[in-house]
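Thank you for making the time this morning. I would like to walk you through a structure that is new to most of the group, beginning with some ring pairs and then turning to the chain as a whole.

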Amino acid sequence: MKIATWNVNSLKVRLPQVLDWLAAQRPDVLCLQELKLEDKDFPLGEIAAAGYRAAVSGQKTYNGVAILARHEPQDIQRGIPGFDDIQQRIIGATVDDPSGPLRIVCAYIPNGQSVDSDKYQYKLRWLTALTAWLRGELEKYPRLALLGDYNIAPEDRDVHDPEAWKNQVLCSEPERDAFRALIGLGLSDVFRRFEQPEKSYSWWDYRMMGFRRNRGLRIDHILCSQTLAEHCTTCTIDKTPRKLERPSDHAPVIAELD
DNA sequence: ATGTCTCAGGGACTGAGA
């Protein structure tokens, strides 16, 4: 079972790359963020032709998330129950797996802009609501994975220049506390269960030749419940699509479960 | 270096968001 996440920064622009990547990697599940399109414009036909069904929560211009899977995702949940939010940032669904149903939660956690902005406060409130909701979800679904763009670099080793980023948005202590609260639910950052290359990142700013200089952050994560994490055999970041013409600023993250 | 990319509105370029 191969599960993956990718912030595509516009599915309209990136669809050819997504189709190529699905053909090359053949993941069983792919979580997408920043679709930047409405549900009616989601390319269900092309995705179906590639062998995938989709659960989608889109909106015009901004945000938007989807879960692609080989069979129709079931029991779809859009948004965090009880948390009023016009931004389409989260979708949950159950997908088939030979070892038993798998609960997938695909999240596009708010960016937060800067630590002194309203958007940062919204990010922290959003994370509190997510954590409270997931506590119950984990009881309901012991085989759960939370994949997405967290917009949080959990530790200094996830940051190309920790001094420059110290207390900045994506790296601040309240954000890292929120990430640790998710871990505290019993989730495991499966990337760190394995030996990884130094300076592994999943996002690089488009500016300043960020990718070429590997000035990146690791902000895209796959968190697995305890029962699932024990069956995780690898977790890698695929930098290949970031090297293409007109890339997303994010690279996909992939985990395999036996 | 306010450095790049995407989208919307409106019909060229600017602003928002990341």
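**Aromatic pairs and their surroundings**

The structure, which I should say at once is a predicted model, holds three aromatic pairs. One of them is formed by Trp 6 and Trp 21, whose rings lie 5.6 Å apart from centre to centre with 55° between their planes, and this pair is tilted. What the pair does along the chain is to link distant parts, since Trp 6 sits in strand β1, residues 2–7, while Trp 21 belongs to helix α1, residues 11–25, with the two positions 15 residues apart. Both Trp 6 and Trp 21 are buried.

Another pair is made by Trp 204 and Phe 211, and here the planes stand at 90° with the ring centres 4.9 Å apart, so this pair is edge-to-face. Are these two residues buried or exposed? Trp 204 has a relative accessible area of 0% and is therefore buried, and Phe 211, at 17% relative accessibility, counts as buried because the limit for that word is under 20%.

Let me move now to a residue in a strand, Leu 147, which is found in strand β8, residues 144–149. Leu 147 has a relative accessible area of 0%, so it is buried. Which residues does Leu 147 touch, if we leave aside its neighbours within four places in sequence? The contacts include Ile 3, Ala 4 and Thr 5, then Cys 31 and Gln 33, then Ile 104, Val 105, Cys 106 and Ala 107, and also His 221 and Ile 222. By way of another distance, the C-alpha atoms of Leu 147 and Asp 116 are separated by 27 Å, with the two residues 31 apart along the chain.

Finally, the chain as a whole. Chain A has six helices and 14 strands, and its C-alpha atoms fill a box of roughly 45 × 40 × 40 Å along the principal axes. A compact globule of 258 residues would have a radius of gyration near 18 Å, and chain A, with 17 Å, agrees with that. Of these 258 residues, 57% count as buried, and among the contacts between residues at least 6 apart in sequence, 68% join residues at least 24 apart. The accessible surface comes to about 11700 Å², with 48% of it belonging to carbon and sulfur atoms. As for charge, chain A carries 34 positive and 37 negative charges, and their mean positions are 4 Å apart.

Definitions and conventions
Residues numbered from 1 in each chain as written. Chains lettered and ligands numbered in written order. Predicted model: local features only at pLDDT ≥ 70, side-chain atom pairs only at ≥ 80, totals over all residues. Heavy atoms only, no water. Helix = DSSP H or I, 4+ residues; strand = E, 2+ residues; numbered from the N terminus. Rg over C-alpha atoms; globule rule 2.2 N^0.38 Å. Buried < 20%, exposed > 50% of the residue type's maximum accessible area, 1.4 Å probe, protein only. Contact = heavy atoms within 4.5 Å. Areas by Shrake-Rupley, 256 points an atom, 1.4 Å probe, with all protein chains shown as cover. Lys, Arg positive; Asp, Glu negative; His and termini not counted. Charge placed at Lys NZ, Arg CZ, Asp CG, Glu CD. Phe/Tyr/Trp six-rings, centres within 6.5 Å; stacked < 30°, edge-to-face > 60°.
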